[in-house]
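Student: Could we go through this chain by question and answer? I would like short reasoning and a clear result each time.

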Amino acid sequence: EPFTQWKVAQLIPTIGAMDFEHFSIGGDSFLAVANFKSSEDCYGDIECLNPRGAQPIENTTVLPYNVPSHILKRVGGVFERVQAIMTRGALDWEHFVISNQHYLAVANSFDATYSTPLTNSTIYKWRGGSFEHFQDIATNGAKRCRYLRKDGAHMLIIVNAASGGESVALYQWDGSVFVLAGQTNDHAASNASDVAVYEQGGSVLLALSRYSESGSRTFRLGAAASLKGSLVYSDAYAPAARFVKRFISASSSETYRDSTLTVTLRPDRPLPPGTVIQIGGVLTLNGEQ
């Protein structure tokens, strides 16, 4: 029979769902659903969160944004709920793999407990049949999270869209966790609605859609940079004796040229011949070290 239209294959109960993420682990097919919030008339009443026909739970206060999101596994031709993960105004899931290990990142946008968009978004790691908490990242009304790999570097982009803290933040995998490598600081993510990451001409581009009159924007990931690291001075006769260490920090929000780190030595404090200057731990936005 030729395909003519989409037909309903399964109904999945959700709680104000905003996103589905499909992924596979070991040949099994999964769905992660991001449940944003319960409906307004559910506040203080958990009955509408229960399956139809279930007995309501009395004397329980439900915070509308603090609801469980769910992991579903395809079993016998249908998706069955296998895990519930508490989220706070979840808007997006992102699945990725690093060194054959599976991870899920959720963008949490609002914590009803404190009535604030300042809340952690969380990365979970697959361990022994379920996802377990792995890392929290402080966010401000996180709207989207996107994983990308460029030149062997693993990176995670988080779009923060809450008023006063709008930014596109880049985190880089340091071998054990994600660390902040750079972010925009000009309210670039104001009124953000979605983001797409793609490669073109050897560059990584990020397209950010915004529901505002100022229009959407595109960023080139390898342009702006945030440099963090240290300078270590050592004598040629005792290279292991690192007797002076200075931490450095520099940044650039330019989107049309490379950033340059300049080190200037004081003329009244010259270094002896044979001195080695080592620059270590420098991170740039395009993942190079």
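The questions below deal with a hairpin, a buried residue and some salt bridges.

Student: What kind of model is this?
Tutor: Keep the origin in mind throughout. Local features are taken from residues with pLDDT of at least 70. The model is predicted.

Student: Is strand E5 largely enclosed or largely open, and how many of its residues are buried?
Tutor: E5 covers residues 90-98. Buried means under 20% relative accessible area. The strand is largely enclosed by the rest of the structure, because the buried residues number 8 of the 9.

Student: In which sense do E5 and E6 pair, and over how many bridges?
Tutor: E6 runs over residues 101-108. Within this pairing, Phe96 faces Tyr103 of E6. The sense is antiparallel, and the count is 8 bridges.

Student: What do E5 and E6 form, and how many residues lie between them?
Tutor: Ser99 sits in the loop between the two strands, E5 and E6. Asn100 lies in that loop between E5 and E6 too. The strands form a hairpin, and the residues between them number 2.

Student: What is the phi of Ser99, and what is the phi of Asn100?
Tutor: Most residues other than glycine have a negative phi. Ser99 is not glycine, yet its phi is positive. Asn100 is likewise a non-glycine residue with a positive phi. The values are near 50 degrees for Ser99 and near 65 degrees for Asn100.

Student: Are Ser99 and Asn100 buried or exposed?
Tutor: The cut-off for exposed is over 50% relative accessible area. Ser99 has 62%, so it passes. Asn100 has 68%, so it passes as well. Ser99 is exposed, and Asn100 is exposed.

Student: Is Phe131 buried or exposed?
Tutor: Phe131 is found in strand E8, residues 130-140. Its relative accessible area is 4%. The limit for buried is under 20%, so Phe131 is buried.

Student: Which residues does Phe131 contact, leaving aside neighbours within four places in sequence?
Tutor: Some lie in the hairpin's second strand: Tyr103 belongs to E6, and Tyr103 touches Phe131. The C-alpha atom of Ala84, 47 residues away along the chain, is 9.6 Å from that of Phe131. The contacts are Phe23, Ile25, Ile71, Gln83, Ile85, His102, Tyr103, Leu104, Tyr124, Lys125 and Trp126.

Student: How far apart are the closest N and O atoms of Asp92 and Arg146?
Tutor: Side chains of opposite charge can pair when their charged atoms come close. Asp92 and Arg146 form a salt bridge. This pair links distant parts of the chain, with Asp92 in E5 and Arg146 in E9, 54 residues apart. The closest N and O atoms are 2.6 Å apart.

Student: Are Asp92 and Arg146 buried or exposed?
Tutor: The limit for buried is under 20%. Asp92 has a relative accessible area of 3%, so it qualifies. Arg146 has 18%, so it qualifies too. Asp92 is buried, and Arg146 is buried.

Student: Which residues are joined into one network by salt bridges that share partners?
Tutor: Arg146 also meets Asp194 in a salt bridge, at 3.4 Å from N to O. Arg146 lies in E9 and Asp194 in E13, so the pair ties together parts 48 residues apart in sequence. The network consists of Asp92, Arg144, Arg146 and Asp194.

Student: How many salt bridges does a search of the whole structure find?
Tutor: One of them joins Arg127 and Glu132, at 3.7 Å from N to O. Arg127 is partly exposed at 37%, and Glu132 is partly exposed at 38%. The search finds 6.

Terms used
Residues numbered from 1 in each chain as written. Predicted model: local features only at pLDDT ≥ 70, side-chain atom pairs only at ≥ 80, totals over all residues. Heavy atoms only, no water. Buried < 20%, exposed > 50% of the residue type's maximum accessible area, 1.4 Å probe, protein only. Helix = DSSP H or I, 4+ residues; strand = E, 2+ residues; numbered from the N terminus. Pairing = 2+ DSSP bridges. Contact = heavy atoms within 4.5 Å. Salt bridge = Lys/Arg side-chain N within 4 Å of Asp/Glu carboxyl O.
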